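Reader: Before I use these coordinates, I would like to go through the model with you, one topic after another. Please show it first.

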Amino acid sequence: MKALSQRRRHPLAAVALLLMGLLITGGLYMAAGSVNEAKAATGYTASDIEEGNKLFIANCATCHGLNAEGSVDGPSLIGVGAAAVDFQVGTGRMPMQMQGPQAQAKPVQFDDEQISQLSAYVASLGAGPSIPLADVLDTSKGNSAAGGTVFRVNCAMCHNAAAAGGALTRGKFAPALAGVSEKHIYEAMVTGPQNMPVFSDSNITPEEKRDVITFLKEIESQGSPGGAAMGSLGPVAEGLFIWTFGLGIIIAFTIWLTSRPS
Amino acid sequence: MATTTEYTPKTKTGKIANFVDERTGGSAMVKEFGRKIFPDHWSFMFGEVALYTFVLLLISGTFLTFFFDPSMAHVIYNGSYNPLKGIGMSTAYASTLDISFDVRGGLFMRQVHHWSAILFVAAVSVHMLRVFFTGAFRKPRELNWVVGGVLLILAMAAGFTGYSLPDDLLSGNGLRIIDGVVKSIPVIGSYISFFLFGGEFPGTVVIPRLYSLHIMIVPAIMLLMIALHLFMVVVHKHTQYPGPGRTNDNVVGFPVGPVYAAKAGGFFFIVFGIVAFISGLFTINAVWNYGPYDPSPVSAGTQPDWYIGFVDGALRLMPGMLGNFSFEWLIPLPWGWNTLSLNVLLPALVPAGIIFTLMFVWPWIERWVTKDSREHHLLDRPRNAPFRTAVGVAGVISYSVMWAAASSDLIATHFLVSLNDVTYWLRVLFVIGPILGFIVTRRLALSLQRKDREIVLHGREAGIIEMSPEGGFSEKHEDLDVYKRYNLAVFEDRKVIPAQPDAAGHISAKEKRRGALSKFFFEDRVAPVTPSELAAAKAAHGHAEVEGSEQDSIGH
Amino acid sequence: MGDHSHGSPDDSGTVAKAGAGDLDKFQDPGLPPHRKRLADTDPRAEKRAERQVALLFIISIIGTLSFFIAYFVLGRPDNITEIRIQNSMLGLGTTFAMLGIGVGIVHWAKTLMPDHEISEMRHPIRPEADRVDAENIINQVIEETGIKRRPLIRNTLIGAIALAPIPAVFMFRDLDRSGKNANEMIEQLRHTMWDTNVRLTRDPSGTPIKAADVQIGSAFHVIPEGLDEAENMLNEKAKAVVLLMRLDPQKMKISEGRENWHVDGIVAYSKICTHVGCPVALYEQQTHHLLCPCHQSTFDLTEECKVIFGPAGRALPQLPIMVDANGFLVARSDFQEPVGPSYWERGKN
């Protein structure tokens with residue numbers, strides 16, 4: 001995978017370099033859209049795309065437009081790539097039930113084959129991030145300590161250092177990451193769903209992404225060494241706990257202690 | 001000492017006592033304390049909880065010092081916690097991880113220490129609320145109230161210095177906030193910051209410095225204050241709730257030996273047991289999650305421990321800009337421009353300053369307004385001092401609003417509301433909450449007093465409906481026994497004392513203010529029932545049943 | 001109709017005293033009569049209570065033993081699950097050991113020790129005479145020193161005592177370990193590691209960033225090149241961390257003098273909040289808002305990071321950037337204003 005991605009990136013980077021040397025502004029703008037390992041929809045058959053198109057028109061076109069060109073209710077999907085579709089539909093965020101501060105995860109509406117067909121269709125519209133290969137999702141090859149460092153710098157401010165989630169402005173939030181599949185975590189990083197920034201491979205390499213996933217899966221599976229983690233929410237949860245449960249037990253004991261036996 | 005008259009002890013206890021007494025004079029102590037009386041009430045136990053958690057803090061803290069290394073020297077972690085293996089960090093953080101993962105029972109001790117710490121401050125707070133709302137701070141206990149207030153501040157200082165020691169990401173960002181607050185202090189702020197951190201933030205000396213404060217100076221002063229506090233408790237003897245047989249001149253309760261000592265001693269083990277239970281089953285301060293301190297990352301939900309929360313919340317509530325008006329001011333001075341960050345300075349110092357100042361001087365304010373210099377050993381039921389209870393609730397509300405603001409982000413995510421709206425609402429509540437709280441509490445206290453009056457005058461509702469020969473329905477009331485009646489009918493009745501002229505017949509402005517305050521506090525009052533009122537009510541009651549008076553008939 | 005004869009005051013410990021001069025007040029009926037406990041009257045209940053106390057102490061012994069089992073049998077745990085099990089077993093062992101003793105003693109005191117409430121009279125804290133004596137002694141001591149009659153001694157002593165602690169205060173001058181003088185100390189706050197042609201590199205890997213790497217919607221956490229070799233690495237990092245984002249140049253409002261501070265919509269802003277210094281690291285790529293997770297200050301990236309919500313009073317400082325000959329992003333200069341929270345000497349830029 002590494003060799004593959006380098007080979008793909010290499011000519012593009014060279015082109016970008018050359019262009020920048022000559023005319024900085026224009027060259028930059030062109031390159032910007034294509035750094036994210038633009039990859040044509042490989043591995044999808046024409047019938048997948050066909051079926052996907054039908055599903056799209058039936059379920060998505062109301063907001064995203066008949067040709068996925070976007071409307072006031074939904075963004076254009078040209079060039080978002082298969083990964084974006086797989087994430088949004090695969091976590092149930094799309095189709096959205098109602099407009100709100102952000103699309104939220106809910107029961108998935110389509111089966112795997114349909115999601116794959118939808119992905120195929122959207123991928124056919126323009127180059128974008130593709131669905132990650134198994135190799136970059138293999139946590140046995142990742143380094144959780146390195147992943148933790150990357151996670152703290154790039155992710156913890158929104159998702160919390162223990163991946164317990166956190167608040168954004170005006171009702172939006174970064175969700176907790178426990179229970180999210182390796183593939184969906186990876187896809188979220190490369191596509192930047194909703195207000196999440198895009199972490200393209202030029203920012204965080206595929207290997208670093210694998211490390212991050214390894215870290216997340218390790219802290220999720222090992223649990224807290226100290227006992228119940230209380231949502232890993234830190235001092236607020238701890239304070240609330242001692243004021244309710246802690247002082248509650250103590251008051252119960254003081255009442256027993258000063259009451260008169262029968 | 002015992003040389004002139006040879007005292008020969010007969011029992012074994014006597015022999016030991018004699019040995020000790022001849023060398024220390026310990027018998028006087030036993031005489032003084034052995035049968036000293038302490039009243040028994042559940043609300044009197046919070047001071048003990050505070051004392052016992054402090055003992056637990058000393059025990060667990062001592063254990064932790066044997067393994068903790070407060071150095072900020074850079075090391076590569078190679079302990080047994082896999083998700084941090086090979087990561088560069090400070091020695092302080094690495095040794096905290098070692099305590100957690102490579103010292104048997106170390107994690108347990110860390111959790112005992114931290115749970116005890118936040119329970120300690122909580123117990124101190126509840127103890128102080130109890131003292132305030134029952135009026136136990138009044139003469140002769142004003143100074144002990146002040147010592148208690150100092151202990152609360154010291155507890156917060158001990159807590160904050162300890163919170164910072166592991167040098168993890170959470171506490172490091174907490175220190176950075178402290179740095180930002182310190183820098184906002186006019187004229188000397190920047191220098192204090194440099195002196196605290198030994199140069200620029202974060203430097204390499206702040207953890208060892210906080211460590212000496214945390215394990216030596218702060219606990220030493222606390223021990224001194226606790227000794228003073230307990231000494232004064234012994235001098236004053238404990239207060240008690242009013243009741244039959246309990247007067248301002250006596251103490252009713254159990255003697256230290258054996259009952260009170262057994263209960264108090266047993267209670268230490270109970271508190272220990274509760275803390276051990278929580279520490280065994282509930283994680284606190286998961287430093288391994290936060291990672292080592294690094295100035296670049298930050299975690300969502302970065303909050304201080306609960307007792308610093310109200311300051312953090314005040315910082316969050318304060319708007320930095322109102323439209324285009326910034327609270328960061330540039331002050332023109334002869335030598336140029338200086339910066340005054342009111343958006344930091346005001347919330348960091350003013351609310352805490354007001355709360356603590358009012359807390360410290362309240363005994364004197366109350367004494368001044370009520371012109372009451374008598375000794376008080378009998379407590380007030382909170383309802384019987386509506387003004388004080390209302391002031392206390394107003395204070396609790398303004399504290400709690402700031403406290404809630406410190407978790408505005410968690411309120412937003414857990415109740416699915418907008419973070420910004422939470423802040424807006426809390427800003428409104430911060431202004432009107434205490435005022436509403438004062439009014440509602442005073443009304444509530446007065447109604448409860450009126451209800452007590454009703455019960456004394458007309459007895460308790462027995463739950464039995466009777467039909468009169470005329471067909472009217474009324475509920476049967478049972479008279480109170482003398483003890484219950486005494487409980488409800490006898491309390492301190494505070495009346496308005498209008499401004500008094502001084503010797504020259506002149507009313508000073510200060511005295512006018514006092515008169516106005518007195519009027520504000522005591523204008524609305526419910527007087528205790530007098531025996532003659534009760535007699536009159538009884539006489540009327542006989543009629544009432546015949547005529548179906550308002551108070552007794554159903555559906556009034 | 002009222003039954004006044006509940007309980008007989010003859011069993012009470014005190015005699016009513018309250019309201020002696022106040023006729024229209026209820027008289028203190030004295031302590032309510034003592035009520036006997038089950039264990040006082042029923043020997044079987046007494047025996048039962050005794051057994052209960054002993055049982056509680058035995059529970060404590062078992063608790064202590066189970067602590068040892070957790071400590072030695074589980075040995076040194078080598079994974080998180082075992083640590084959790086050991087921690088909870090140590091905790092529960094201690095819980096039972098302590099609660100067994102505590103509850104046992106209290107139960108003993110409540111059921112088997114005498115439960116007669118006793119009344120003790122209070123005494124004045126100190127008799128008046130003592131106060132008068134103390135006053136006289138103090139006056140005599142002052143008189144014997146003659147301090148009032150010898151103002152020269154008094155005034156020089158006051159002067160000496162007032163001056164003596166000042167060296168102790170000045171001793172703390174070197175709490176600042178940098179060895180800099182006052183002006184140099186303050187001056188440090190104005191500068192960061194950024195300088196002309198210093199490359200922007202990824203945090204934490206330190207690899208340089210090409211303009212082409214930064215696509216619209218992405219956010220890079222940036223440190224200056226060479227940070228790892230810096231003398232006070234963390235101090236420099238605490239000032240120099242930068243957030244790099246790219247947005248559509250059409251959406252950006254650019255003020256005079258900052259026209260060439262961005263590279264085709266790629267902008268770099270200080271990550272240190274102007275409020276109290278937390279890293280403002282939350283970037284919402286659709287709203288273009290930056291949010292500080294500590295106190296929720298919100299900055300609008302399209303308007304040069306001006307404050308739109310929260311307690312910050314000033315926009316985030318922008319780092320002027322450009323592209324070097326190799327296509328890497330570099331700084332044009334240091335920040336044009338001090339980064340981070342305001343301080344007294346900050347003044348106008």
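Reader: What percentage of the residues in chain C is buried?
Author: This is a predicted model, in which local features need a pLDDT of at least 70 and side-chain atom pairs count only at pLDDT 80 or more, while totals for chains, interfaces and linings use all residues. Residues are numbered from 1 along each chain as its sequence is written, and chains are lettered from A and ligands numbered from 1 in the order in which they are written. A residue is called buried if 20 or more other C-beta atoms, placed from the backbone, lie within 10 Å of its own, exposed if 12 or fewer do, and partly exposed in between. Of the 349 residues in chain C, the buried share is 43%.

Reader: What radius of gyration does chain C have?
Author: The C-alpha atoms of chain C fill a box of roughly 105 × 75 × 60 Å along the principal axes. The radius of gyration is taken over C-alpha atoms, and the globule rule is 2.2 Å times the number of residues to the power 0.38. For a compact globule of 349 residues a value near 20 Å would be expected, but chain C has 38 Å.

Reader: Over which residues of chain C is the pLDDT below 50?
Author: The pLDDT is the predictor's confidence in each residue, from 0 to 100, and chain C averages 87, with 93% of the residues at 70 or above. Where pLDDT is low, the predicted coordinates should not be read in detail. In chain C the pLDDT is below 50 over residues 1–21.

Reader: Which helix of chain A has the lowest confidence?
Author: Helices (H or I, at least four residues) and strands (E, at least two) are DSSP runs, numbered from the N terminus. Chain A averages a pLDDT of 81, and 84% of the residues score at least 70. Confidence in chain A is highest in α11(A), at 94, whereas the lowest mean, 42, belongs to residues 24–32, helix α2.

Reader: Which element gives the largest share of the side of chain A that touches chain B?
Author: Two residues are in contact if their C-beta atoms, placed from the backbone, lie within 7 Å, and this contact takes 51 residues from chain A and 56 residues from chain B. Among the elements of chain A that each supply at least two residues are α7 (144–154), α10 (206–222) and α11 (235–258). The largest share, 17 residues, comes from α11(A).

Reader: Which helix supplies the largest share of the largest nonpolar core?
Author: A nonpolar core is a set of buried Ala, Val, Leu, Ile, Met, Phe, Trp, Tyr and Cys residues joined through C-beta atoms within 7 Å. The largest one has 270 residues, and those touching the most other members include Val122(A), Phe120(B) and Val242(C). Its largest share, 18 residues, comes from residues 106–133 of chain B, helix α5.

Reader: Where is Pro95(A), which follows a cis peptide bond, found?
Author: The peptide bond from Met94(A) to Pro95(A) is cis, with omega near -5 degrees. Pro95(A) is found in the loop of chain A between α5 (81–90) and α6 (112–125).

Reader: Is Asn285(B) buried or exposed?
Author: Phi of Asn285(B) is near 45 degrees, a positive value in a residue other than glycine, and Asn285(B) lies in the loop between α10 and α11 (287–290) of chain B. Because 27 C-beta neighbours lie inside 10 Å, Asn285(B) counts as buried.
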